[in-house]
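Trainee: Could you take me through one part of this protein slowly, as if I were seeing it for the first time? I would like a close look at the sheet and the helices around it.

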Amino acid sequence: MRLVAICLMLAAAPLAAQPQPRGTMSQIPDLPAPPVAEQRPHSFEHHGIRVDDPYHWLKDQSYPTVDDEDVLSYLRAENAYFEAAMAPHHPLVEELLQEMRGRIQEDDSSVPVRDGEWMYWWAFQTGAQYRTWYRRPASGGEQQVIFDEPREAEGKQYFQLGALEISPDGRYAAAMVDDSGSERFELRIRDLATGEHVETVTEVGIGQPVWTADSRSVVFTEVNDNWRSYRARLHRLGEPTVNDRTLYEETENVAFTVGVGKTQDRRFILINTGENISNEIRIVPADDPLAEPVLVARRRPYIQYSLDASHGKLWVLTNDEHVNFRLAEASPEAPGEWRTVIAGSDQVYLRGITAFRDHLVIGVRIGGLVQIRLRDYEGGEERIAFPEPTYTVSLGNNPEYAPAAYRLNYASLVTPPTVYDYHPADDRLETLKVQRIPSGYDPTQYVSERITVPTRDGRQLPVSIVYRRGFERNGQGKLFLYAYGAYGFAYPPGFNTNRLSLLDRGYAFAIAHIRGGDDLGYQWYLDGKLDRRANTFNDFVDAARGLIAQDYTSAGNTATQGGSAGGELMGAVVNSDPELWGAVVADVPFVDVLNTMLDDTLPLTPGEWNEWGNPIADRAAFEYIRSYSPYDNVRAQAYPPMLITGGLNDPPVTYWEPAKWAARLRGTKTDDNLLLLKINMGAGHGGQSGRWTRLREVAEAYAFMLTQMGAER
């Protein structure tokens, strides 16, 4: 899915009094004039409505090839301007980078996990940008390198290992590799006995591959020319790829995408096809992958389900009877006959299940807080308790069907990521690892809170806050406010070592749990999409105003940053309430909403219509999207200092969206505040790869915010 958020303004608000300019271009010595993109007449008409788009030319018409020299020249000019504007702040960038790097254990490694006869883990070597993956016999013996990311990434501008799946017999590894940022992955098979590359199965794979029970075949998904995951294929090792069999191809709905998985008991391969609001699943015996896939339940509008298997049953999580889902059971012989095990509840939001031999491990959310519950197959249930009042916890890597303990990942706003093994026999949490912070960290010096603020339509909005002791609630403090608000993704109140560079400079950090995420249940998500999208952006503004009312900060003293969906959120709130923000960073922002939703040749557009509406077919959706699309609603007013980023090879949010938005802002805004655009010319949606390279981009963003907010230390 495209991780983007859509903004809505119901009407243009009166121009508010603007804050005093800060971080103006004139304050940077020898800064050249910013690039000014040419306006070229272009317009289109839909539903009888004419729309002007003078920066349409920045979309290279030969995309995904980008070779228009006018386009490239403009992007290079913006990058050069970014470098010139940031040059005086290089000492601060380096200072931040060294702080952040000092908090990272350079030779970090994961806790080994058992899978059959082997223990598996990854580790960073000191100074390395990428991980190396290892295993050793569970009974003891020498470690073995199974995938060396630093070697594979050598000499490449970008590298990403998307998946690494080991065959059931432990002999082969199936690796998904992207070395351009295009998110089209090569599926490579490696013989772990010899360390040799065996074959490349496809160059347009995506997602997680799955091995068959005999370790001789791999099931995978491919994307088509429009970057849509449209089919599941079976490859037999050693056979020509032209002999690969298609197990399922989605031909009924162009918005549906295909993915594969396997049940925890390893009995069935799962083939899922769906979109954000509906899906259907087929099951295939892992020991007979060429058998006819069995449909569990036919797709229905607005009905979703997921499943796992154990003890000869299918365990189904579905929202067919209640918005917060119910748990049902079925037999593989009659997979569509669902019998309720746990009914849906207004208070308890069922979010996920994993079916182990001894327990169903169920993820739930109550009042916005995550819980993990263990339910045995006689109906007994227990909750795993944690000491902090607010935290985030999830089931970790548990590849085995009958583990002796359950691996968990835990963190809070003040507690570093912690790996536990939970032993159900004696209700005991065993601490296996707490993220080490080499430069030092004292959690007693930081305070976390969870408050609520009122929204304009009468709801209570949760906000998670952390700050260093000594932060004064006098209305003068500086604040970093974050949110996401799309696709039902609830941004967790977790730990981030980079954030300490802000907290130690006197900032408070807050997460607004806005609608569009599923923080308070699935209805919380539904209330922030389609024709209720305005709630998402109003909530964020109301969170900022609520924090001002409670004296955490004041207008103009709040920095904010968002990527993808959060980047689109940034576009909404700088248009609607520019006076609130002291500095804004928008990463890979989906801001050209109307144009993208009208272009059904783009990779993800059809699958997004259920999130935003279909402006091609529906005039009301067209007008609604047009009313809030950030690019279409830039107006002549003062905007806060802004840093906008993008990636030339980004398929979810194409490069021209941030480029067009920046160009229109430059040509329209009335202030002299700094506006920067940085386009990664060799990367995609996630920015640059490699932990230190990526960390530098974080340091650049923080340096931008700190300097524009007038508090570097």
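Mentor: Happily; what follows starts at the sheet, moves to the helices, and ends with a few other places for comparison.

Please keep in mind that this is a predicted model. Let us begin with the sheet. It is an open sheet of eight strands, and its pairing is mixed. Reading across, the order is β30-β31-β33-β32-β34-β35-β36-β37. At the two edges you will find β30, residues 446–454, and β37, residues 675–680, and each of these pairs on one side only. If you look from strand to strand, neighbours in this sheet are turned against each other by 20° on average, ignoring direction.

Now zoom in on one pair inside the sheet. Strand β32 covers residues 478–482 and strand β33 covers residues 507–512; they pair in the parallel sense, over five bridges. Within that pairing, Tyr482 stands opposite Ile511 in β33. Helix α6 packs on this sheet, touching β30, β31 (460–468), β32, β33, β34 (558–563) and β35 (581–587). The direction of α6 makes about 115° with that of β30.

Next, follow α6 to its other neighbour. Two packed helices are described by the angle between their axes and by the distance between those axes. Helix α6 spans residues 534–549 and helix α7 spans residues 565–576; they pack at an angle of about 65°, with 10 Å between their axes. The two helices, α6 and α7, are therefore roughly perpendicular to each other. As α6 passes α7, the crossing is right-handed. To find the contact on your screen, pick out Phe537, Phe540 and Val541 in α6, which meet Glu568, Leu569, Met570, Ala572, Val573 and Ser576 in α7. The residues in this contact of α6 with α7 divide into seven nonpolar, one polar and one charged.

A second helix pair makes a nice companion to that one. Helix α1 (residues 69–86) and helix α11 (residues 656–668) pack with their axes 12 Å apart, at an angle of about 70°. That angle makes α1 roughly perpendicular to α11. The crossing of α1 and α11 is left-handed. On the α1 side of the contact are Tyr74, Leu75, Glu78 and Tyr81, which meet Ala659, Ala662, Ala663 and Arg666 in α11. Sorting the residues of the contact of α1 with α11 gives six nonpolar, no polar and two charged.

Let us turn to a helix that is hidden away. Helix α9 runs over residues 605–612, and eight of its eight residues are buried, so α9 is largely enclosed by the rest of the structure. The buried residues include Glu608, Trp609, Glu611 and Trp612, so charged side chains can be picked out here alongside tryptophans. What covers the buried residues of α9 includes α5 (522–526), α8 (593–598) and α10 (619–628). Just after α9 comes Gly613, whose phi is positive, near 110°.

Some strands elsewhere in the chain are hidden too. Strand β19 covers residues 313–318, and five of its six residues are buried, so β19 is largely enclosed by the rest of the structure. Strand β18, residues 305–310, pairs with β19 in the antiparallel sense over six bridges. In that pairing, the bridge partner of Leu307 is Val316 in β19. β18 and β19 form a hairpin with two residues between them, and His311 in the turn has a positive phi of about 55°. β19 also pairs with strand β20, residues 326–331, in the antiparallel sense over five bridges. There, the bridge partner of Trp315 is Glu329 in β20.

Finally, visit two loops. Gly155 is found in the loop between α3 (149–153) and β7 (160–166). Its relative accessibility is 83%, and a residue over 50% is called exposed, so Gly155 counts as exposed. From Gly155 to Ala255, 100 residues along the chain, the C-alpha atoms are separated by 37 Å. Thr444 is found in the loop between β29 (428–434) and β30, the edge strand we began with. Thr444 is partly exposed, with a relative accessible area of 46%. Thr444 and Thr415 are 29 residues apart in sequence, while their C-alpha atoms are 9.9 Å apart in space.

Methods:
Residues are numbered from 1 along each chain as its sequence is written. This is a predicted model: local features need pLDDT of at least 70, side-chain atom pairs count only at pLDDT 80 or more; totals for chains, interfaces and linings use all residues. Side-chain values use heavy atoms; hydrogens and water are left out. Axes are lines fitted to C-alpha atoms, for helices over the stretch in contact, and angles run from 0 to 180 degrees between N-to-C directions. Helices (H or I, at least four residues) and strands (E, at least two) are DSSP runs, numbered from the N terminus. Angles under 35 degrees count as roughly parallel, over 145 as roughly antiparallel, 65 to 115 as roughly perpendicular and the rest as oblique. A crossing is left-handed if the near helix is turned anticlockwise from the far one by less than a right angle, and right-handed if clockwise. Contact means heavy atoms within 4.5 Å. Two strands pair if DSSP finds at least two bridges between them. Buried means under 20% relative accessible area, exposed over 50%, partly exposed in between (1.4 Å probe, protein chains only).
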